[in-house]
Amino acid sequence: MRYVVAITGASGIAYGVKILKELPGERILIISDMAKKIIPYETDLSVNDIEQLADIVYDDHDLFACISSGSYDFDAMVVAPCSSSTLAKISSGLSDTLITRAAAVAIKESRKLILVTRETPKSAIMLENELKLARCGVTILDANPGFYSKPQSVDDIISFIAGRCLDQLRMPHSLYRKWE
Ligand SMILES: Cc1cc2nc3c(=O)[nH]c(=O)nc-3n(C[C@H](O)[C@H](O)[C@H](O)COP(=O)(O)O)c2cc1C
């Protein structure tokens, strides 16, 4: 299995890091410019530390990268966290970065695309962008944790969201305790 993981400049870099750590198979990583600036504010990791978790890393400006083409196969793409700006670009078909281009490819090739959006409250514009994409088959997975698993730490909360992403990819995990 081959996955594309994109980290954009919304709060919640830790979600992308956790997903990257837990995903099996080949992981292709893209980190947007804004995410690179936010990483030191939210985590104790460097950009390089996060890049070390992936098998392949592409620059967000490298539109010549293989994942820009529909002829290059990947199984699914997760954008975590997904900023409202990236959400808007994907929703309107703008593909001027590798992240937005790979997302456009995922949609046109009918591949699984999960957007872990993080903004609150959400404007009507953001909600309309999400609705438009949901109608195209994109999974809008809000960074919105449940508490029935009784999280004891921030890491438990992060694991809940990462676990819900893996659920969407039909991947077994023990990131949170499921309701029984
Ligand atoms: C510290 C910080 C936190 C931010 N958090 C969010 C957020 O949670 N959600 C969001 O939609 N935008 C957030 N932004 C704004 C985005 O970073 C900004 O819209 C940027 O253009 C997104 O670019 P990108 O999608 O290419 O990464 C934040 C910006 C900063 C500086």
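Tyr-148, Phe-160, Tyr-176 and Trp-179 make up one aromatic cluster. The model in which this cluster appears is a predicted one. The structure holds three aromatic pairs, and its six strands form an open sheet with parallel pairing.

**The aromatic cluster**

- The ring centres of Tyr-148 and Trp-179 are 5.9 Å apart and the ring planes stand at 85°, so this pair is edge-to-face.
- Tyr-148 belongs to the loop between E6 and H7, while Trp-179 belongs to the segment after H7; the pair therefore ties together parts that are 31 residues apart in sequence.
- Tyr-148 has a relative accessibility of 38% and counts as partly exposed, whereas Trp-179 is exposed, with a relative accessible area of 69%.
- In the pair of Phe-160 and Tyr-176, the ring centres lie 4.8 Å apart and the planes are at 50°, so the pair is tilted.
- Phe-160 is in helix H7 and Tyr-176 is in the segment after H7, so the pair ties together parts that are 16 residues apart in sequence.
- Phe-160 is buried at 6% relative accessibility, and Tyr-176 is buried with a relative accessible area of 11%.

**The sheet and its edges**

- The strands of the open sheet follow the order E3-E2-E1-E4-E5-E6.
- Strand E3 (56-59) and strand E6 (139-140) are the edge strands, each of which pairs on one side only.
- Helix H7 (residues 154-168) packs on the sheet, where it touches strand E4 (76-82), strand E5 (112-117) and E6.
- The direction of helix H7 makes about 165° with that of E5.

**Strand E1 and its neighbours**

- Strand E1 (residues 2-7) is mostly covered, as five of its six residues are buried.
- E1 and E2 run parallel and are joined by six bridges; Val-4 has Ile-28 in E2 as its bridge partner.
- From E1 the chain crosses through helix H1 (residues 13-22) to E2, in a β-α-β crossover that is right-handed.
- E1 and E4 also run parallel, with four bridges joining them; Tyr-3 stands opposite Ala-76 in E4.

**Strand E2 and edge strand E3**

- Strand E2 (residues 26-31) runs parallel to E3 and is joined to that strand by four bridges.
- Ile-28, the bridge partner of Val-4, stands opposite Ile-56 in E3.

**A charge over a ring**

- Arg-111 lies over the face of Phe-74, at 4.7 Å from the ring centre.

Conventions. Residues are numbered from 1 along each chain as its sequence is written. This is a predicted model: local features need pLDDT of at least 70, side-chain atom pairs count only at pLDDT 80 or more; totals for chains, interfaces and linings use all residues. Side-chain values use heavy atoms; hydrogens and water are left out. Two strands pair if DSSP finds at least two bridges between them. Helices (H or I, at least four residues) and strands (E, at least two) are DSSP runs, numbered from the N terminus. Contact means heavy atoms within 4.5 Å. Axes are lines fitted to C-alpha atoms, for helices over the stretch in contact, and angles run from 0 to 180 degrees between N-to-C directions. Buried means under 20% relative accessible area, exposed over 50%, partly exposed in between (1.4 Å probe, protein chains only). A crossover is right-handed if, with the strands pointing away from the viewer, the path from the first strand over the helix to the second runs clockwise. Rings of Phe, Tyr and Trp (its six-membered ring) pair if their centres lie within 6.5 Å; planes under 30 degrees apart count as stacked, over 60 as edge-to-face and the rest as tilted. A charge sits over a ring if NZ of Lys or CZ of Arg is within 6 Å of the ring centre and within 35 degrees of the ring normal.
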